Amino acid sequence: MKRNIFLCAAILLCGMAMGQESRQEIHDNILKSGCNYYAYPGPQQQELTAAPDGYEPFYISHYGRHGSRHLINDGDYDKAFKALSRADTLGKLTPLGKDVLRRVVIIRDDAAKRHGELTLRGAQQHQGIGTRMVERFPEVFEGKTHVDAKSTVVIRCILSMENALHSLIRKNPELDISHDASEHDMWYMNLSDRELDKKKMPKDIEEVYDQFCKRHQHNDRLMNQLFNSDKYWKNEVNAQELSYHLFKLASNLQSTELRHEMTLYDIFTEDELYDHYLQTNAWWYINYGPCPLNGGIGTFTQRNLLKVIIEEADSCIRLPHPGATLRFGHEVCVMPLVCLLELNHYGKPIADLEKLDDEGWNCYDIFPMGCNIQIIFYKPTNGEGDILIKVLLNENEARLPLQAVAGPYYKWSDFRDYFKRKLATYPFE
């Protein structure tokens, strides 16, 4: 009996260890706890699978998120600053609390009048992505070929586009490049759909999410480290709000040059970081993923983008040398597009939010700063045969929910037909 109990316990522990993928990855790389604030790491796959015999790349269709940036709103910096500075004037901070306030002031000053703007690291990310695009697929960018680039009207996206385009020009000065950023294209570059947004998290789903968050909110230890009076922080401080905003500041430091000088991760335990990550990961899954609680409706925020990708590709692949179509926008487009395309396992519906980690649904793998989707088109060199595609997620080969021709290569006609049928299932138009 004891032996059976031991075996059962061992199996259970093994299953837990295998299932909690993000816990281990955050342990190995604490920066991943930042979720969508994780700075783009570059491709993990250095060698791509060779194209089938007789095929060569000839066109790229791309959508990418802006690179690393400062936090967007005043409150992202002010809420932690105000809570700590008020406590300091009242003599309620511990020595650690005073030191955390000192660091928050430095971070806040560094971002002054730069909220939401691209950082140096963000610019470098897109320079690297553009350079690798040419180096990996030189046939696409040969000679005086055309590159059409569009950005949303947000300055961090425009500057991301310009940094990527400059890297292309450095590799081939003959490129014919057009680039634009206009409200004219926002209907697909970053669709704003208020009616759909209302359906993402109605009250019943919000309650499920709130209960999930409550199970993963443990702030007492941190508050007792920052404040010298538990009576004060319990009565005067919103502990969850302060902890969350310190977590955001800690996570976004990796996108700035201050990362070379300081950290805020040291004020959290690994379990506290993991809990913050789980709450953020679940929010994104509900609002933009294939969450069955709302029918996965959030993925259809990118229905217009996918329609345009298909239509423009059908037009471009008829040209003798179509070059590339590059689009620069936001994570609220990349993440749902990944799920709409069912790349890898990211189209899988998971009803229990506690199982997201066990199922390997980790947002830092989908949409870090600078994340991107590249659809690479291949043609037969003799002019006879199907057009093939390969999809890269963050410059790594990804799987599609289709029958592959070979390895990560699929027929464009299969892709087009499958996703046209899926788009036709959208129930609200």
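# Exercises on a predicted model

Helix 14 is mostly covered, with 10 of its 14 residues buried. The coordinates used in these exercises come from a predicted model.

**Exercise 1. Describe the span of helix 14 and name its buried residues.**

Solution. Start with the extent: helix 14 runs over residues 303–316 and has 14 residues. Next, take the distance from its first C-alpha to its last, which is 20 Å. This is close to the 20 Å expected at 1.5 Å a residue. Then list the covered positions: Arg-303, Asn-304, Leu-305, Leu-306, Val-308, Ile-309, Ile-310, Ala-313, Asp-314 and Cys-316 are buried.

**Exercise 2. Place Thr-325 in the fold and describe its surroundings.**

Solution. Thr-325 lies in strand 4, which covers residues 323–329. Its relative accessibility is 6%; buried means under 20%, so Thr-325 counts as buried. Leaving out residues up to four places away in sequence, Thr-325 touches Tyr-59, Ile-60, Ser-61, His-62, Asp-148, Glu-312 and Cys-316. Cys-316 is also among the buried residues of helix 14. With Tyr-59 there is a polar contact of 2.7 Å between the side chains.

**Exercise 3. Determine the geometry and burial of the aromatic pairs Tyr-346 with Trp-361 and Tyr-418 with Phe-419.**

Solution. The structure holds 19 aromatic pairs. In the pair of Tyr-346 and Trp-361, the centres are 6.0 Å apart and the planes make an angle of 85 degrees. Planes over 60 degrees apart count as edge-to-face, so this pair is edge-to-face. Tyr-346 and Trp-361 both sit in the loop between helix 15 (331–340) and helix 16 (363–366), 15 residues apart. Both residues are buried.

For Tyr-418 and Phe-419, the centre-to-centre distance is 4.9 Å and the angle between the planes is 80 degrees, again edge-to-face. Burial is then assigned to each ring residue: Tyr-418 is partly exposed at a relative accessible area of 23%, whereas Phe-419 is buried at 0%. Finally, ring pairs link Tyr-418 and Phe-419 into a cluster with Tyr-59, Phe-377, Trp-412 and Phe-415. Tyr-59 is the residue whose side chain makes the polar contact with Thr-325.

**Exercise 4. Locate Asn-344 and Asn-394, and give the sign of phi and the burial of each.**

Solution. Most residues other than glycine have a negative phi. Asn-344 has a positive phi, near 50 degrees. It is found in the loop between helix 15 and helix 16, and its relative accessible area of 25% makes it partly exposed. Asn-394 also has a positive phi, near 55 degrees. The position of Asn-394 is in the loop between strand 6 (388–393) and strand 7 (396–398). At 5% relative accessibility, Asn-394 is buried.

**Exercise 5. Is the chain as compact as a globular protein of its length, or less compact?**

Solution. Begin with the elements: the chain has 17 helices and eight strands. Its radius of gyration is 23 Å, and the globule rule gives 22 Å for 429 residues; the two are close, so the chain is as compact as a globular protein of that length. The C-alpha trace spans about 75 × 65 × 45 Å along its principal axes. Buried residues account for 53% of the chain. Of the contacts with a separation of 6 or more, 79% are between residues 24 or more positions apart. The accessible surface is about 19,200 Å², and carbon and sulfur atoms hold 51% of it.

Technical notes: Residues numbered from 1 in each chain as written. Predicted model: local features only at pLDDT ≥ 70, side-chain atom pairs only at ≥ 80, totals over all residues. Heavy atoms only, no water. Helix = DSSP H or I, 4+ residues; strand = E, 2+ residues; numbered from the N terminus. Buried < 20%, exposed > 50% of the residue type's maximum accessible area, 1.4 Å probe, protein only. Polar contact = N/O pair within 3.5 Å; in protein donor to acceptor, adjacent residues only side chain to side chain. Contact = heavy atoms within 4.5 Å. Expected span 1.5 Å × (residues − 1). Rg over C-alpha atoms; globule rule 2.2 N^0.38 Å. Areas by Shrake-Rupley, 256 points an atom, 1.4 Å probe, with all protein chains shown as cover. Phe/Tyr/Trp six-rings, centres within 6.5 Å; stacked < 30°, edge-to-face > 60°.
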